[in-house]
Structures are given as C-alpha cells and as structure tokens.
Amino acid sequence: MPKTDATSWVFANCKHGITHVINQIRRFPEVQSVTPVTGRFDLVIKLRTNNPPKAFSTVEKIRGIHGITSTQTAISVQKVTNGNRHETEPPLGFTLLKVRGRFQNVLRRLKTFPNFVEAHVIRGEFDVLASFRGYSPEELAETAVEKLNSINGVTACETLVAWTPTTPF
C-alpha cells in the first residue's frame, strides 16, 4: 500500500458534548477527518497512518478526551477505490462488513456500486470498511445499503450514516 494510502480508523462513542469532542480530536495532527454518525458508534475518525505505534498513540490521546466512553480501532491492510469518484468528496455513510470467502470478490463487487467511494480490508470484528456517498440517507439506502447483503460472501453488515458530511482538515 503506498504511503499516501496508509490509513487507520477509530470508531468512538461519547456520552455528551460531541462538538467539544470533535474539536479536541481535530487538534491531533494524525487525524485526517472526524465524522459524526448514527448507529453503534458516534464518530468515525480517519487517521493519516496505519503504523500501529503511531495509530495506537493517537488512539490513546483520543481516549483521554473528556466525554469519550469507548473506542475501537481498525488498521487498513488493503485499500480499494472507485476511479469514478474523487476521494476527497465527503462520504455520507460507512458500512462495516463481515465476509466469508474471498475478499477480492466482495471488493470487486463493491467497486460497481454507483456511490461507492472507498473500501479498506481491516482486522477485527469486521473484515471490510466501505464508504459511500449520497445526497440523503434515503438515496444512500436505495442505491447501496439495501444491495450490500446481496453480495456473495457478505455474511453481515452494519451501516453508520453521517449526520453531517465529513470535512477533511
């Protein structure tokens, strides 16, 4: 994976003061973006590194922020993008996928979705993190999320919908 593709993801929950938490997280130079989402997690945080010591150091800083109640970290081991979309466009949704069988078949199929932005093979509870664009949660659900379970090899998925688009900083 080229150095520019080196990415880690942090999924975080907060008990209150999400705006304050986001502002604190944005101060860390290793953080590329922070997106508030609905679902199991409150925030999806994209780091600029997949180097474990650097990523875990940043996660420790994030855990030290007043209001953060839990975190889960995923380090990208492979990145796939859709050449039809510019990667700097903010995603509206993130989907965590569990995969049985060959990852390449699932990644190849994800690339055919019209609003697919990028996917990362990750380690942990889930196997793939995919991001999608849409102009509304309804459009996102109709054009991507409903179709994810039809991909051969996907055994489970969970979608986190952003309530404000990601803005890189």
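How many residues of β7 are buried? I took this as my starting point in what is a predicted model. I found that 5 of the 5 residues of β7 are buried, so I record the strand as mostly covered, buried being under 20% relative accessible area.

**Entry 1: strand β7 and its partners**

I next looked up which residues lie on each side of β7. V128, A130 and F132 are on one side, L129 and S131 are on the other, and all are buried. I note as background that side chains in a regular strand alternate between the two faces of the sheet.

I then looked up the pairing of β7. β5 and β7 run antiparallel and are joined by 5 bridges. In this pairing I noted T95, which stands opposite A130 in β7. β6 and β7 also run antiparallel, and 5 bridges join them. Here I noted F116, which stands opposite F132 in β7.

The hairpin of β6 and β7 has 5 residues between the strands. Within this hairpin I recorded a positive phi near 130° for G124.

**Entry 2: aromatic pairs**

How many aromatic pairs does the structure hold? I recorded 4. I looked at W9 and F94, whose pair is edge-to-face, with 6.0 Å from centre to centre and 65° between the planes. W9 belongs to strand β1 (residues 8–14) and F94 to strand β5 (residues 93–99), so this pair ties together parts that are 85 residues apart in sequence. I found both W9 and F94 to be buried.

I turned next to F116 and F132. Their ring centres are 6.0 Å apart and their planes stand at 70°, so I entered this pair as edge-to-face too. The pair links distant parts of the chain, with F116 in strand β6 (residues 116–122) and F132 in strand β7 (residues 128–132), 16 residues apart. F116 counts as buried because its relative accessibility is 0%. F132 counts as buried because its relative accessibility is 1%. I also noted that ring pairs link F113, F116 and F132 into a cluster.

Which residue lies over the face of F126? I found K98 there, at 5.4 Å from the ring centre.

**Entry 3: strand β3 and its partners**

I looked up the burial of strand β3 (residues 43–47). I found 5 of its 5 residues buried, so the strand is largely enclosed by the rest of the structure. L43, I45 and L47 point one way from β3, V44 and K46 point the other way, and all are buried.

Which strands pair with β3? I found that β1 pairs with β3 in the antiparallel sense over 5 bridges. V10 has I45 as its bridge partner in β3. Strand β2 (residues 31–36) also pairs with β3 in the antiparallel sense, over 5 bridges. In β3, K46 has S33 standing opposite.

β2 and β3 form a hairpin with 6 residues between them. In the turn of this hairpin I recorded G39, which has a positive phi of about 120°.

**Entry 4: residue T71**

I closed with T71, which I located in strand β4 (residues 68–81). Is T71 buried or exposed? I entered T71 as buried because its relative accessible area is 18%, and the cut-off is under 20%. The side chains of T71 and R63 are joined by a polar contact of 2.7 Å. Leaving aside neighbours within four places in sequence, I found T71 in contact with V10, F11, A12, V59, I62 and R63.

Conventions. Residues are numbered from 1 along each chain as its sequence is written. This is a predicted model: local features need pLDDT of at least 70, side-chain atom pairs count only at pLDDT 80 or more; totals for chains, interfaces and linings use all residues. Side-chain values use heavy atoms; hydrogens and water are left out. Rings of Phe, Tyr and Trp (its six-membered ring) pair if their centres lie within 6.5 Å; planes under 30 degrees apart count as stacked, over 60 as edge-to-face and the rest as tilted. Helices (H or I, at least four residues) and strands (E, at least two) are DSSP runs, numbered from the N terminus. Buried means under 20% relative accessible area, exposed over 50%, partly exposed in between (1.4 Å probe, protein chains only). A charge sits over a ring if NZ of Lys or CZ of Arg is within 6 Å of the ring centre and within 35 degrees of the ring normal. Two strands pair if DSSP finds at least two bridges between them. A polar contact is a pair of N or O atoms within 3.5 Å; within protein, one must be able to donate a hydrogen and the other to accept it, and residues adjacent in sequence count only if both atoms are side-chain atoms. Contact means heavy atoms within 4.5 Å.
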